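Work through the exercises below with the structure open beside the text. Each has a task and a solution in steps.

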Amino acid sequence: MTVESTAARKPRRSAGSKRTAAKKPPGAQPDLVQLLTPEGKRVKNGEFDAYVADITPEELRGLYRDMVLTRRFDAEATALQRQGELGLWASLLGQEAAQIGSGRATREDDYVFPTYREHGVAWCRGVDPANLLGMFRGVNNGGWDPNSNNFHLYTIVIGSQTLHATGYAMGVAKDGADSAVIAYFGDGASSQGDVAESFTFSAVYNAPVVFFCQNNQWAISEPTERQTRVPLYQRAQGYGFPGVRVDGNDVLACLAVTKWALERARRGEGPTLVEAYTYRMGAHTTSDDPTKYRADEEREAWEAKDPILRLRTYLEASNHADEGFFAELETESEALGKRVREVVRAMPDPDRFAIFENVYADGHALVDEERAQFAAYQASFADEGEGK
Amino acid sequence: MTAEKMALAKAINESLRTALDSDPKVLIMGEDVGKLGGVFRVTDGLQKDFGEDRVIDTPLAESGIVGTAIGLALRGYRPVVEIQFDGFVFPAYDQIVTQLAKMHARALGKIKLPVVIRIPYGGGIGAVEHHSESPEALFAHVAGLKVVSPSTAGDAYWMMQQAIHSDDPVIFFEPKRRYWDKAEVNREAIPGPLHKARVVREGSDLTLAAYGPMVKVCQEAAAAAQEEGKSLEVVDLRSMSPIDFDSIQVSVEKTRRLVVVHEAPVFLGTGAEIAARITERCFYHLEAPVLRVGGYHAPYPPARLEDEYLPGLDRVLDAVDRSLAY
């Protein structure tokens, strides 16, 4: 009997019905940790309430501020791309709660390994937003010192950074430090071998790392069903560590669950997988056109679960923030947008010899030779004025 | 006692031991490197003496080995990882090319990636497929990596020391069929630069340039040619990135003829680059085109045919004759 004939006897679903098994509305998922409903109501959670029990109104306002400013920064960057100031932008629109909640759960000595969309986490880590824009403008390929904020460079190859995070965490454990490491990735990356290997390595070495998967439902044009038949958080079980699905549009739940996971890591209990169930409200990047592959109704359904709106509702209903706060934030938001525009427009092109800089730490004869050839070539234009 | 005769594999073992002993940040990682001491016993006894925390048996996943080594390097460690055989490095090729090679530049020099990747390479041991390949050009082509290969025990000891001290990623190709060849190792010698070629036999009629396992073949070829009255100079390149073109140039300006020898396929290989560069540099000195002797543009053959595929004494001498005929 051939493999093919075995497969042929299995019942198959038609392509049109493949959503029936795994996909339910997020609210209906029994496994979804939620502390703030889409309507802005605080709901109890026996396991995770403790991690945000002592949160102050000021801290809640801080989370709100972070999300608003991140969204504003993101919108500004998208606009700058449209104006030709950036070559590309990967918007985080809709994922503010997942990023701010998890980012604010980290400690200064923790280390973050982002994808290329973690602008909210970068914000929490104190990375200058201008640094993020340099890469998308095309003036560098990364450009910041990862150690100044314990925030690694954006990684564009999907999933590669999960192994770097795991190795870094193995080093933390060797050093006997109680820091933790957090690796960001998406639903698409969950199919990458490197992510699977990072689960294996972190599990067998009990590395203090949190795998924070933002399941934003779409890997460019491919829905999560194209990546997995089981909810992603359940993958952890097969590797021998816990996996939790959290409402990725609930900043409070993301904060609580990430704190819990980071504390497990600090206590030497090893890795955790957090699946933040969220939605990419915008395009994959400014080069993408989501109208080709997804329906407006889906986006509209998620708009009702907006992460910023629900916290605002909660802040207002609980009298934790007044009109003055929101008005002041609006002013701050405008100022941030203005600063971002100015910084990007003033960003100079790098010196042409930057091509040859930092290729090696200890130098390389060929790079030296080619730099000299390039310089001689440029100098040959000297008569025509500055070699432009 | 300053010098000691030992096998090339033992010299690497001793070099790793020295590094583990002198720098607590040095780690050994790889498949079966612990209790077993590696399939070639290059790491024999190291886990016993330095513990499982520093000599680490890894899961069987090459991308994971290199990817976690990158993370450990970011944390301040100096991992020396073993890829068990040449043909198994490709699952890690992505991490090596897209991450390891570029990260220093991406961070504008703010971080360093002192990772050594040891790869036993080359044929001649009658192995099954994927165990006899010479992929060095695939790494030398990548900016950000340094690529070296020792040909003797003495070089193996010192080049490993220098590779571990390097702040750049180094791909360290170990000529597996020479693992058991013994030579003097002088641990108190002051080694020359890691990427400098060395004239291992002086001659006046033609230069043979080789590295790793082919250096011995070239020395034998030169000895055989001597009996026919031909004086061949043999240059051990030692480094494929960077390549010490200056030393080759000096030799070729003297001998006016060059044959490059390696096990790897000649098409777009190290020899092709050397031929192009030396032709540019030595155009008016050359009496003959630069010739190459190496593997064919075919999958590495089954073991019963590898002697036909690998450059041996006769194929090297054939190329020498062709060059001298000009």
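**Exercise 1.** Describe the fold of chain B through its long-range contacts, its burial and its overall dimensions.

Solution. The model is predicted.
Step 1. Take the contacts in chain B with a separation of 6 or more: 79% of them are between residues 24 or more positions apart.
Step 2. Turn to burial: 57% of the 326 residues of chain B count as buried.
Step 3. List the secondary structure, which in chain B comes to 12 helices and 14 strands.
Step 4. Compare the radius of gyration of chain B, 19 Å, with the 20 Å that the globule rule gives for 326 residues; the two are close, so chain B is as compact as a globular protein of that length.
Step 5. Add the extent along the principal axes, where the C-alpha trace of chain B spans about 60 × 45 × 40 Å.

**Exercise 2.** Apply the same steps to chain A.

Solution.
Step 1. Chain A holds 14 helices and 8 strands.
Step 2. Its radius of gyration is 23 Å, close to the 21 Å from the globule rule for 388 residues, so chain A is as compact as a globular protein of that length.
Step 3. A box of roughly 75 × 75 × 50 Å, taken along the principal axes, is filled by the C-alpha atoms of chain A.
Step 4. Of the 388 residues in chain A, 46% are buried.
Step 5. When contacts in chain A between residues at least 6 apart in sequence are considered, 77% join residues at least 24 apart.

**Exercise 3.** Find the domains of chain A and state which part of the chain carries a UniProt domain annotation.

Solution.
Step 1. The assignment divides chain A into domain 1 (20-286 + 293-345) and domain 2 (352-384).
Step 2. Between the C-alpha centres of domain 1 of chain A and domain 2 of chain A there are 40 Å.
Step 3. An unreviewed UniProt entry places "domain: Dehydrogenase E1 component" at residues 65-343 of chain A.
Step 4. Over residues 65-343 of chain A, helix accounts for 49% and strand for 11%, with the end C-alpha atoms 21 Å apart.

**Exercise 4.** Do the same for chain B, and describe how its two domains meet.

Solution.
Step 1. Chain B is assigned domain 1 (3-186) and domain 2 (198-324).
Step 2. The C-alpha centres of these two domains of chain B are 26 Å apart.
Step 3. Their contact uses 25 residues from domain 1 of chain B and 21 residues from domain 2 of chain B.
Step 4. On the domain 1 side, two or more residues each come from α6 (136-140), β6 (146-148), α7 and β7 (170-175) of chain B.
Step 5. By class, that side has 10 nonpolar, 8 polar and 7 charged residues.
Step 6. From an unreviewed UniProt entry, the annotation "domain: Transketolase-like pyrimidine-binding" covers residues 6-181 of chain B.
Step 7. This span of chain B is 36% helix and 17% strand, and its end C-alpha atoms lie 8 Å apart.

**Exercise 5.** Is helix α7 of chain B largely enclosed or left open by the rest of the structure?

Solution.
Step 1. Helix α7 of chain B runs over residues 153-165, which is 13 residues.
Step 2. From first C-alpha to last it reaches 19 Å, close to the 18 Å expected at 1.5 Å a residue.
Step 3. Because 10 of the 13 residues of α7(B) are buried, the helix is largely enclosed by the rest of the structure.
Step 4. Among these buried residues are B:Ala153, B:Tyr157, B:Trp158 and B:Ile164.

**Exercise 6.** Where does B:Ala7 lie, and which residues does B:Ala7 touch?

Solution.
Step 1. B:Ala7 belongs to strand β1 (residues 3-7) of chain B.
Step 2. Being buried takes 20 or more C-beta neighbours within 10 Å. B:Ala7 has 18 inside 10 Å and so counts as partly exposed.
Step 3. Leaving out residues up to four places away in sequence, B:Ala7 touches B:Ala153, B:Tyr179, B:Trp180, B:Asp181 and B:Lys182.
Step 4. B:Ala7 and B:Ala153 are 146 residues apart in sequence, yet their C-alpha atoms are 6.0 Å apart.

**Exercise 7.** Describe the side of chain B that touches chain A.

Solution.
Step 1. The contact involves 35 residues from chain B and 34 residues from chain A.
Step 2. On the chain B side, α3 (62-74), α4 (93-100) and α5 (103-106) each supply at least two residues.
Step 3. The largest share, 9 residues, comes from α3(B).
Step 4. By class, the residues on the chain B side are 13 nonpolar, 14 polar and 8 charged.

Conventions: Residues are numbered from 1 along each chain as its sequence is written. Chains are lettered from A and ligands numbered from 1 in the order in which they are written. This is a predicted model: local features need pLDDT of at least 70, side-chain atom pairs count only at pLDDT 80 or more; totals for chains, interfaces and linings use all residues. Helices (H or I, at least four residues) and strands (E, at least two) are DSSP runs, numbered from the N terminus. The expected span of a helix is 1.5 Å times one less than its number of residues. A residue is buried if 20 or more other C-beta atoms lie within 10 Å of its own, exposed if 12 or fewer, and partly exposed in between; C-beta atoms are placed from the backbone. Domain bounds come from an automatic or database domain assignment. Two residues are in contact if their C-beta atoms, placed from the backbone, lie within 7 Å. Ala, Val, Leu, Ile, Met, Phe, Trp, Tyr, Cys and Pro count as nonpolar, Asp, Glu, Lys and Arg as charged, and the others, Gly among them, as polar. The radius of gyration is taken over C-alpha atoms; the globule rule is 2.2 Å times the number of residues to the power 0.38. UniProt positions are given in the numbering used here, feature names are shortened, and annotations may be inferred rather than shown by experiment.
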